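Welcome! Here are a few exercises to help you find your way around a new structure. Take each task in turn, try it yourself, then read the solution.

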Amino acid sequence: MKSLFKSVALMLTLLCTGLTASAQMEQMGQPLPVDPNVRIGKLDNGLTYYLRHNEKPKGQADFYIAQKVGSILEEDNQRGLAHFLEHMCFNGTENFPGNSLIQWLESKGVKFGVNLNAITGVDYTIYNIANVPVADSNVQDSVLLILHDWADGLLLDPEEIDKERGVIHEEWRSTNVGQMRIIERLLPTMYPDSKYGNRLPIGTMEVVDNFPPQALRDYYETWYRPDQQGIIVVGDIDVDRIEGKIKEMFGPIKMPENPKERVYYPVPDTEGTIFAIGTDPEQTNTIVQLMIKHDVVPDSLKNTIVGYIMDYSNDVINQMLNARLAEISNRPDAPFSGANGSVGDYILSKTKGALTLAFIPKDNDVIGGLQSIYREALRGTKGFTASEYQRAKDEYLSRKEKRYNGRNDLDNDYYVQQYVNGFVENDYILDPESDYQMAQMFTAMLPVEAINQMFAEYITPDNRVLLIVAPDGTPLPTEQQLSDALAAVDGENIEAYVDEVKAEPLIPQLPAPGKITAEKSLA
């Protein structure tokens, strides 16, 4: 992170000319202004809530509960419990026993699997009840009661648990195919000395088939607790009323004594390149990904100017890099049929980022494709051009302007996702006007040189992971051949990119203006 902070510090210097170094550091750590139209509160027990009145669509609202809890918190003998617990939220709660929760919601037009759903990730679990008709306040209260039961009122009946084992087993069977099977085998290689290497949410069927019901209850009572929970309600609601109901329903929930620390597990740095190569009979094509890991902005700075700078920089970097890769892909002699470059999370982990260069080799030319995409990344370290940057800035600003112009027509889902990310990731929550103003400021003041410095720091000789997934029987290069291919590109004298910008007008010479020959009134 130190090197990336140098780039951020440079950008802040450009933005905060005239301020002392200490003032710049203080500016760096200040939270960005929160959208004034969302009400954010925290109960005494630690539960956080986000409420917003929005009439797109009219007469409906979305109800979410976000948990900062996922499969990364499982011990080896608990693998799969986080996901299993998500399933059990639909199999009996204190106020909605048996299947009555699903039945009642569907009677109100909220269909299971469409408007009623949940997802378990490695670091989070999100439950949603969306597009709820809320003209009747009793419906609002009942939906809040469901969220309450998910937070602190699951029955976890042993008989229901045993029934659900088979459901989980079928889900595992249907998803454990092809690429997923390869990835599961290779994750320990890609995550050496890290829990992330063995924490896919589906877990292991040995645990799913055999854990005692008390183990699931212990996991629930350990991790489903107010300080890890966020309630989000957005829609055609009376915010004051909903806030009062949340305080009434969720306030009495007690934090456990001596709560277990919620740890965000680091991903260790690694030397050189890790090679992760796997095949499977159900894999239909060959996919290659070169990932170069880097540190990420800590959660404490994501909602500050640092987080915004990083998001903006990565956005324009991704645009410019992909424009170059698309140009290569369109050539008849391209070594890949498609390629993509992006800066984001490193596979499953929120505590490590990566520049990922991915491609599908043409005619199984893995070496040629790898060298081509890596060469283009190295070319990027020689600098993106002012004209490339201008196009990326224009596209970035266009998106922000479009959202600003349509700010009165944003639907519930847009706001919900903002607040979920704000809770789970500590992301900033800007109103569209402030967001557009900040975008205008950054695009005007940050030069391409600052963006180039940041991109150059993403390319390092260490912290590399080369992943190849392919059908069984595909002839693939050895690790040594792949290593030699990368080294050969490192030894090349790579020329800087030349942007072939056409300066001449689209129409060289405008035609002579016409003349009006006759007029006729239609009145």
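**Exercise 1.** In which helix is His87 found? Work out its surroundings as well.

*Solution.* Keep in mind that you are looking at a predicted model.

- Step 1: Locate the residue. His87 belongs to helix 3.
- Step 2: Judge its accessibility. Buried means under 20% relative accessible area. His87 has a relative accessibility of 13%, so it counts as buried.
- Step 3: List its neighbours. Leaving aside residues up to four places away in sequence, His87 touches Glu164, Val167, Ile168 and Glu171.
- Step 4: Look for a polar contact. The side chains of His87 and Glu171 make one, at 3.0 Å.

**Exercise 2.** Describe how helix 3 and helix 6 cross, and which residues meet there.

*Solution.* Two packed helices are described by the angle between their axes and the distance between those axes.

- Step 1: Take the geometry. Helix 3 (residues 81-88) and helix 6 (residues 158-175) have axes that come within 10 Å and cross at roughly 115 degrees.
- Step 2: Add the handedness. This crossing of helix 3 and helix 6 is right-handed.
- Step 3: Name the residues. Helix 3 brings His83, Phe84, His87 and Met88, which meet Glu160, Ile161, Glu164, Arg165, Val167, Ile168 and Glu171 of helix 6.
- Step 4: Sort them by class. The contact of helix 3 with helix 6 has 5 nonpolar, 2 polar and 4 charged residues.

**Exercise 3.** In what order do the 5 strands of the open sheet stand, and which strands are at the edges?

*Solution.*

- Step 1: Read the order. The strands of this open sheet follow 7-11-8-10-9, with mixed pairing.
- Step 2: Find the edges. Strand 7 and strand 9 (336-346) each have a single partner strand, so one side of each lacks a neighbour in the sheet.
- Step 3: Add the twist. From one strand to the next, it averages 15 degrees.

**Exercise 4.** Is strand 11 buried or exposed, and how does it pair with strand 7 and strand 8?

*Solution.*

- Step 1: Check burial. In strand 11 (residues 464-471), 8 of the 8 residues are buried, so the strand is largely enclosed by the rest of the structure.
- Step 2: Turn to strand 7 (residues 273-280). It runs parallel to strand 11, joined by 8 bridges. Ile277 has Ile468 as its bridge partner, and Asp280 stands opposite Pro471.
- Step 3: Turn to strand 8 (residues 287-294). It pairs with strand 11 in the antiparallel sense over 6 bridges, with Ile287 opposite Val469.
- Step 4: Look for a helix. Helix 13 (residues 366-381) lies across strand 8, strand 9, strand 10 (349-361) and strand 11.

Technical notes
Residues numbered from 1 in each chain as written. Predicted model: local features only at pLDDT ≥ 70, side-chain atom pairs only at ≥ 80, totals over all residues. Heavy atoms only, no water. Buried < 20%, exposed > 50% of the residue type's maximum accessible area, 1.4 Å probe, protein only. Helix = DSSP H or I, 4+ residues; strand = E, 2+ residues; numbered from the N terminus. Pairing = 2+ DSSP bridges. Axes fitted to C-alpha atoms, helices over the stretch in contact; angles between N-to-C directions. Left-handed = near helix turned anticlockwise from the far one by under 90°. Contact = heavy atoms within 4.5 Å. Nonpolar A, V, L, I, M, F, W, Y, C, P; charged D, E, K, R; others polar. Polar contact = N/O pair within 3.5 Å; in protein donor to acceptor, adjacent residues only side chain to side chain.
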